[in-house]
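Visitor: I have a structure open and don't know my way around it yet. Can we go through it together?
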Amino acid sequence: MGRSSFCVWSERQRLANLLRFCSKNRLRDQGVQVHAAVLAIGFGFDLMLNNDLIDMYAKCAEMGMANDVFDRMPERNVVSWTALIFGYLQNGNAKASLSLFYEMLYSSVRPNEFTFSTNFKACGILSNPEIGIQIHSMSVKCGFESVPVVGNSIIDMYSKCGRIKEAARMFNVLPVKGLISWNTMIAGYTLSGLSEKALALFGRMQKGEEIPDEFTLTSTLKACSHLDAIREGSIIHSSLIISGFPYTIKAAVAGSLIDLYVKCRKLHEARRVFNQIEQKNVISWSALILGYAQEGNLAEAIDLFRQLRDSGIEVDGFVLSSMMSVFADFALVEQGKQMHAYAVKVPSGLEISVSNSIVDMYLKCGLLDEAERLFNETPARNVVSWTVMITGYGKHGLGKEATQFFNKMLLENIDPDGVTYLAVLSACSHSGLIEQGEEYFSQLCHDKLIKPGIEHYACMTDLLGRAGRLKEAKNLIESMPLKPNEGIWQTLLGACRVHGNLEMAREVGEILLRLHDNNAVNYVMISNIYAEAGYWKECEKVRELVKVKGLKKEAGRSWVEIEKEIHYFYGGDNTHPQTEKIHEILKEMEKRMKEELGYACGVKFALKDVEEESKEESLRVHSEKLAIGLALLCGGLDKPRVIRVFKNLRVCGDCHEFIKGLSRILKVVFVVRDANRFHHFRDGKCSCGDYW
């Protein structure tokens, strides 16, 4: 080779090295300069340099430029095609990757192992097992199936497409199983909800020569979290400490440990791991914050969020949405407003998921006007945005508005999903829109992309039950193509209670107890039906069963916000410092209602084996009444206003009648959110129409 030729090829290699450096470090501007040099020197048609240019532009998210280079190439090889295919995938366009792959096949270029691996990833992202199976067949014919990078990608593709059996079959036939193979299969089991199999496979792996890395540990700890397997998770944690594994600097492992302890309600251990982390990331912060929130320790959760905000770590959309969900669930409107004010100041606050969670927070706090305003101001809306509003209208008993919103969504060419149908059916049920509900259910049943789930049938059961069409509701349950669950039978039992159909109630009650004889809710529902019908022996017999079995119903809890402070009450609660005054004002209200309305306490909701006066006392200490009593005590009786009370369970019949009466004798509107819906009490009437 002559001296001049050597210099040319040396320059070519130097340019290739520069392009690869720009690609690795995402140096777009410098890469453009090297591209100019490539053209100036006369290497514009060089195959290797053009391949490097495609890779550089793709890594710098300049797919238009990468495509231009590709289109101008007089000669292309498998590396050229694979570089562009991978570029589309890493820039979030999996469909374009697959389209280009098929175009490559038509051009008679034979794929290599990296081409196959890339397109299996694309199929996994799109959850498209049909195309994945086709490409799998091609890889077998080309002899690449047993190549580790291809085999591992096939396992991953099937796992993400919900074909876990095919993934396991591929794993078992792999001739060589490396660490990535084990990690992919363990992660696949965890992703598919087969956490027990994930732990069993982790045990098999430990018996071999492979040493778990942070990806193995993260997936395995997630499996422990799903199973509430605190023992297994603690053993893994102990082994990390003994082996000297640096989990305090491995953010994913530390975050998974925190999540495990949070899910297993071991907040002390979660906090200890959190404090040991050298560089905390947003995942570890969010896991602990949500842990405290779920345990009801909102003060600590909010304080941790303030620390996160002040730490300089960028708060992502997931954390903002999660915090909004906490404030929504507990109806903490002031904290929600503060979070909203913070969200508009940070980049992640612009994410559509954050906007949706803010709208949801206002709806669950009973502030419909705020929710509507924010929805209308949101520039980009997806199906979730519309579904949140439809759900909100339904919960507030505004069925007509919910159906109008659903129809408007269709006009904007946004296709409903299963959750949207559930929202509009629920709205029809809450508002008694029987015909509209039946029409939407028919649409759902004829939708080729969505199959009705048990929740949709439960909504129809509720809808028919509200109309008194109990036999039709029962026939629907018995004829549906799904196995009836406890919830749908409870829905029918509730309808039997409202319409006083004791015969069907007995039948449905027996079915419920056969399905789940250790659920206290079922016994309470049955005993209440007997009590309302005056069948006290049967009622006491059911209640005695609850005592014998040692079953406990979730405690009723209500709360009210007064001057930015949340006050919580449980049934029979006497811990509040104003308890005596609360009882006095409730007695005063009962007296006024008896005199002005002829109100009598719904003593049928109390126990039979106590005196009438004691029954009234027991009803007076229901949590929602105590919360209302405090609100009246603090705000006065003559001031026109809205009192908002929130309860974790369904509001009872007596409290419902009591609040209706209060709204009539006072210049007060009561908005009560229970486990099912919102109740707007005004002038002696409730928005639920006495059906809830």
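Visitor: How many aromatic pairs does a search of the whole structure find?
Guide: The search finds 18 aromatic pairs. Rings of Phe, Tyr and Trp (its six-membered ring) pair if their centres lie within 6.5 Å; planes under 30 degrees apart are stacked, over 60 edge-to-face, and the rest tilted. This is a predicted model, where local features need pLDDT of at least 70, side-chain atom pairs count only at pLDDT 80 or more, and totals for chains, interfaces and linings use all residues. Residues are numbered from 1 along each chain as its sequence is written, and side-chain values use heavy atoms, with hydrogens and water left out.

Visitor: What about F274 and W285, why is that pair edge-to-face?
Guide: Their ring centres are 4.9 Å apart and the planes stand at 80°, so the pair counts as edge-to-face.

Visitor: Where do the two lie?
Guide: F274 is in helix α16 (residues 267-276) and W285 in helix α17 (residues 282-294), so the pair ties together parts 11 residues apart in sequence. Helices (H or I, at least four residues) and strands (E, at least two) are DSSP runs, numbered from the N terminus.

Visitor: Are F274 and W285 buried or exposed?
Guide: Both are buried. Buried means under 20% relative accessible area, exposed over 50%, and partly exposed in between (1.4 Å probe, protein chains only).

Visitor: Which residues do ring pairs link into a cluster?
Guide: F101, Y102, F116, F120 and F144.

Visitor: Moving on. What lies over the face of F171?
Guide: K177 does, at 5.3 Å from the ring centre. A charge sits over a ring if NZ of Lys or CZ of Arg is within 6 Å of the ring centre and within 35 degrees of the ring normal. The charged end of R506 also sits over a ring, that of Y535, 5.4 Å from its centre.

Visitor: Back to F171. Which residues of its helix, α10, are buried?
Guide: In α10 (residues 164-173), I164, A167, A168, M170 and F171 are buried. Seen down the axis, they fall within an arc of 160°, so they line one face of the helix. The arc is that of the directions from the helix axis to the C-beta atoms.

Visitor: And which are exposed on the other side?
Guide: K165, R169 and V173.

Visitor: What do the buried ones pack against?
Guide: They pack against α8 (129-141), α9 (148-160), α11 (179-191) and α12 (195-207), where contact means heavy atoms within 4.5 Å.

Visitor: How many disulfides?
Guide: The structure holds 0. A disulfide is a pair of cysteine sulfur atoms within 2.5 Å.

Visitor: Why does C60 not bond with C22?
Guide: The closest cysteine sulfur to that of C60 is in C22, 7.3 Å away, too far for a bond.
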